[in-house]
Amino acid sequence: MTFITWLVIVLIAILAVLLIRKYSSLEFVAHAKLLFKAWSVWLASIGSALSAWVQSFPDAAMNGWNMLPPDIKSFLPQNYLGFIGAFMVAMAVISQFVRQKRLVEKKQQLDTQP
């Protein structure tokens, strides 16, 4: 599966959710716009995009690995490249437990509005 195919599948999934929301009783949470500012959303997005890129273009990932200086290559084993995306997604789950003060304030403002 190429990266373009993965991107098309993600866009189709987003479009499907938006259409289901429009033509059914599915509703988004009131603070859905704030979720785009949450660390967990950004970390999960970057992690999944990185994983898809590494799997779609392994030769580009290997070229990037070969361009690293030797001292960094000796510090990081080569098989860690595949774990970066999984690590980012795991950090996204952990970051859901961290309170972001600005987002909490904005969510409270949304909750108080009628």
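This report covers Ser-40, the helix that holds it and the recorded transmembrane spans.

The model is predicted, so local features need pLDDT of at least 70 and side-chain atom pairs pLDDT 80 or more, while totals for chains, interfaces and linings use all residues. Residues are numbered from 1 along each chain as its sequence is written, and side-chain values use heavy atoms, without hydrogens and water.

Ser-40 sits in helix α3, residues 39-56 (helices are DSSP runs of H or I with at least four residues, numbered from the N terminus). Ser-40 is buried at a relative accessible area of 12% (buried is under 20%, with a 1.4 Å probe and protein chains only). Leaving aside residues up to four places away in sequence, Ser-40 touches Ala-92, Ser-95 and Gln-96 (contact is heavy atoms within 4.5 Å).

The axes of α3 and helix α6 (residues 83-95) come within 7 Å and cross at roughly 165 degrees (axes are lines fitted to C-alpha atoms over the stretch in contact, with angles from 0 to 180 degrees between N-to-C directions). That makes α3 roughly antiparallel to α6 (angles over 145 degrees). Residues in this contact include Ser-40 and Leu-43 of α3, and Ala-92 and Ser-95 of α6.

UniProt, in an unreviewed entry, lists residues 6-23, 35-55 and 75-98 as "transmembrane region"; such annotations may be inferred rather than shown by experiment. Two of these spans are tabulated.

| Span | End C-alpha separation | Helix | Strand |
|---|---|---|---|
| residues 6-23 | 26 Å | 100% | 0% |
| residues 35-55 | 27 Å | 86% | 0% |

Note on methods
Helices (H or I, at least four residues) and strands (E, at least two) are DSSP runs, numbered from the N terminus. Buried means under 20% relative accessible area, exposed over 50%, partly exposed in between (1.4 Å probe, protein chains only). Angles under 35 degrees count as roughly parallel, over 145 as roughly antiparallel, 65 to 115 as roughly perpendicular and the rest as oblique.
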